[in-house]
Amino acid sequence: STMQHLSTLTKIRKALKPYIKDMVKEGSDKGYPLQRPLFFHYESDDIAYDLQDEFLFGSDILVAPVLTPTTTTRDLYLPEDVWVHFWSGTEYRGGQITVECPLGYPPVFYRKDSKYRKVFEKTAEINRY
């Protein structure tokens, strides 16, 4: 099962290559980190400044890590925007939410209006539940 999971993660990384490549270039050109605090792109959101356990991967992917293997749901905050849950395709409009996060499906979201939406949709198909 570990090898299967590694294979899935490798396919996801490969599918995200256009996005990652552009975010690395943006980082090089502008000095932006690839992993960013939420307030980096949502500076008027006061809640975003207090979050220590969520981050943006580039400008359009939000990750809320799960830190224990027995956790199956996760409470998290989404900044005001339309977010799509990577694994289920469910849309959320910012605020406090709770999502399922079975092992292998961490809470990951992308901005619906992202210019990389097609890349994200194709990537999500690799590990959809």
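Let me start with Phe86, which, leaving aside residues up to four places away in sequence, touches Leu16, Val108, Phe109, Tyr110, Phe120, Thr123, Ala124 and Arg128. Please keep in mind throughout that this is a predicted model. Phe86 is buried, with a relative accessible area of 3%, and it belongs to the largest nonpolar core, which has 18 residues and in which Leu16, Ile61, Phe86 and Phe120 touch the most other members. As for the elements behind that core, α2 (17–30), β3 (61–63), β8 and α3 (117–124) each supply at least two of its residues. There is also a second, separate core of 13 residues, and Leu38, Ala48, Leu56 and Trp83 are among its members.

Let me turn now to the aromatic rings. The structure holds 13 aromatic pairs, and one of them joins Phe86 to Tyr110 in an edge-to-face arrangement, with 5.6 Å centre to centre and 90° between the planes. What does this pair tie together? Phe86 sits in the loop between β5 (83–85) and β6 (91–92), whereas Tyr110 sits in strand β8 (residues 108–111), so the pair links parts that are 24 residues apart in sequence. Tyr110, for its part, is buried as well, with a relative accessible area of 4%.

A further pair involves the residue that follows in the chain: Trp87 and Tyr105 are also edge-to-face, at 5.9 Å centre to centre and with 80° between the planes. Here Trp87 lies in the loop between β5 and β6 and Tyr105 in the loop between β7 (95–100) and β8, so this pair ties together parts that are 18 residues apart in sequence. Trp87 is buried, with a relative accessible area of 5%, and Tyr105, at 18% relative accessibility, counts as buried too. Both pairs fall within one aromatic cluster, which is formed by Tyr19, Phe57, Phe86, Trp87, Tyr105, Tyr110, Tyr116 and Phe120.

The next topic is the sheet. It is an open sheet of six strands, in the order β1-β2-β3-β8-β5-β6, and the pairing is antiparallel. At the edges are β1 (35–36) and β6, each of which pairs on one side only. Further in, β5 and β8 are paired in the antiparallel sense over three bridges, and Val84 stands opposite Tyr110 in β8.

That leaves helix α2, which has 14 residues and reaches 20 Å from its first C-alpha to its last, close to the 20 Å expected at 1.5 Å a residue. Which residues of α2 are buried? They are Tyr19, Ile20, Met23, Glu26 and Gly27, and, seen down the axis of α2, these buried residues fall within an arc of 125°, so they line one face of the helix. As a general reminder, an α-helix has 3.6 residues a turn, so residues three or four places apart point the same way. On the other side of α2, by contrast, Lys17, Lys21, Ser28 and Asp29 are exposed. The elements that cover the buried residues of α2 include α1 (2–15), β1, β2 (55–57), β3 and α3. Just after this helix, Gly31 takes a positive phi of about 80°.

To return to where I began, Phe86 is one of the residues that touch the most other members of the largest nonpolar core, it pairs edge-to-face with Tyr110, and it is part of the aromatic cluster that also includes Tyr19 of the helix I have just described.

Definitions and conventions: Residues numbered from 1 in each chain as written. Predicted model: local features only at pLDDT ≥ 70, side-chain atom pairs only at ≥ 80, totals over all residues. Heavy atoms only, no water. Phe/Tyr/Trp six-rings, centres within 6.5 Å; stacked < 30°, edge-to-face > 60°. Helix = DSSP H or I, 4+ residues; strand = E, 2+ residues; numbered from the N terminus. Buried < 20%, exposed > 50% of the residue type's maximum accessible area, 1.4 Å probe, protein only. Pairing = 2+ DSSP bridges. Core = buried A, V, L, I, M, F, W, Y, C linked by side-chain atoms within 4.5 Å. Contact = heavy atoms within 4.5 Å. Expected span 1.5 Å × (residues − 1). Arc of directions from axis to C-beta.
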